[in-house]
Amino acid sequence: MEDVFKNIKSFKGEPAEGLNPTMVFFEAALGVGCPYCHDDDAAKRDIDSKPQKEVARRMIEMVNSINKTSFGGRHQVTCYTCHMGRSTPIGVPHVTGEELPPALGEDYLPSRPSRPAVPAVSATQVLDKYFAAVGGAAAVQKTPSLTAVGTVTQLRIGRPFPGQQIEISSKPGLELTVTKAGQNDNLLAYGPTGGWAKAGNAAPRDLRKAELDALMLDDAFNLPAQLKQLLLDAKMERPEVINGAEVYVVSGHTKNLPRVKAYFEKENGMLARLVYYMDTFVGPYPTQIEYRDYRDVGGRKVPYSWVISQVRNREFTYAMQAVRAAAVDDSKFARPAAASR
């Protein structure tokens, strides 16, 4: 190949006839054309005028190394394995029902309409409007504690699950969820000193830091009052569209979760969607919550239904039959003692 073409570095010693088919494969794998890596002037295709060309060389080396060490040199892993028709590969698993970025090639991006500008409204204003929309501090003071009963139903593609009864007890900064699993109860709770979980007859365990932050974001009843405190370095993002309507987007992070995005209806300020990401040793993965059917309970607007979508095609639909304003003693949230042996 280096005898026929100029500036060959990654394919030295390979037959010259294989170059053009390889370039076509790159185009297909990344959804791009020749000018993505090469100078647009065909007479200058061999020069290294674009950084993408050097990146491609490193990627060729990486793929060859993987195939050599793991697959005996077979072309098991290719550019398409990660890119799948997109110039930028998708590195984060998607949640159930989430639309993946289209694989339409480099011509798609310039042809899209201009993205909307970041709104002039501040993240603090949007978060304050949300809290006010559900009743604000006065409503929480009037109705500080709630109890709810309903069902949670898990859905996986091809794997139906029966609904389970669920009971929720809520006070400012405190939540206990009891899920009926056959003859056993699964408990999940948090409070000022941390969080804990108890599965059936097993001993209770402390929640990890990231789990605790996630549980506080999952708390549909306390979230309006505590989201502003949980969300660190909050900032406005470009608006997005949910169900045909443009929504405000506020992003940030918590103490132990690398990224959180909250989506608010522009007109009434209500929270429509929340997405948070949990870090792992190999990358983050998301959880998405959609809020539905807000109703008034003692002056507070609370969702009677919400859907938590996770990776691995798992979706949990929470449907409350009744949410009531009722006093709840703090002792209800106490971690149970481990059973003695």
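**Salt bridges in the predicted model**

Lysine 261 is buried in this predicted model, with a relative accessible area of 11%. Its burial makes a good starting point for a look at the charged pairs. The side chain of lysine 261 meets that of glutamate 240 in a salt bridge, with an N to O distance of 3.0 Å. Glutamate 240 belongs to strand E9 (residues 240-242) and lysine 261 to strand E11 (residues 259-265), so the pair ties together parts that are 21 residues apart in sequence. The glutamate 240 end is partly exposed, at a relative accessible area of 31%.

A second pair joins glutamate 211 and arginine 205, whose closest N and O atoms are 3.0 Å apart. Here glutamate 211 counts as buried because its relative accessibility, 18%, falls under the 20% cut-off. Arginine 205, in turn, is partly exposed, with a relative accessible area of 35%.

Turning to the N-terminal part of the numbering, lysine 9 forms a salt bridge with aspartate 48, and the closest N and O atoms are 3.7 Å apart. This pair links distant parts of the chain: lysine 9 sits in the segment before helix H1 (19-30), while aspartate 48 sits in the loop between H1 and helix H2 (51-70), 39 residues apart. Both partners are partly exposed, lysine 9 with a relative accessible area of 49% and aspartate 48 with one of 39%. The two residues also take part in a network of salt bridges that links them with Lys53, Glu54 and Arg57.

Across the whole structure, the search finds 14 salt bridges, including the pairs lysine 9 with aspartate 48, glutamate 211 with arginine 205, and glutamate 240 with lysine 261.

Definitions and conventions. Residues numbered from 1 in each chain as written. Predicted model: local features only at pLDDT ≥ 70, side-chain atom pairs only at ≥ 80, totals over all residues. Heavy atoms only, no water. Salt bridge = Lys/Arg side-chain N within 4 Å of Asp/Glu carboxyl O. Helix = DSSP H or I, 4+ residues; strand = E, 2+ residues; numbered from the N terminus. Buried < 20%, exposed > 50% of the residue type's maximum accessible area, 1.4 Å probe, protein only.
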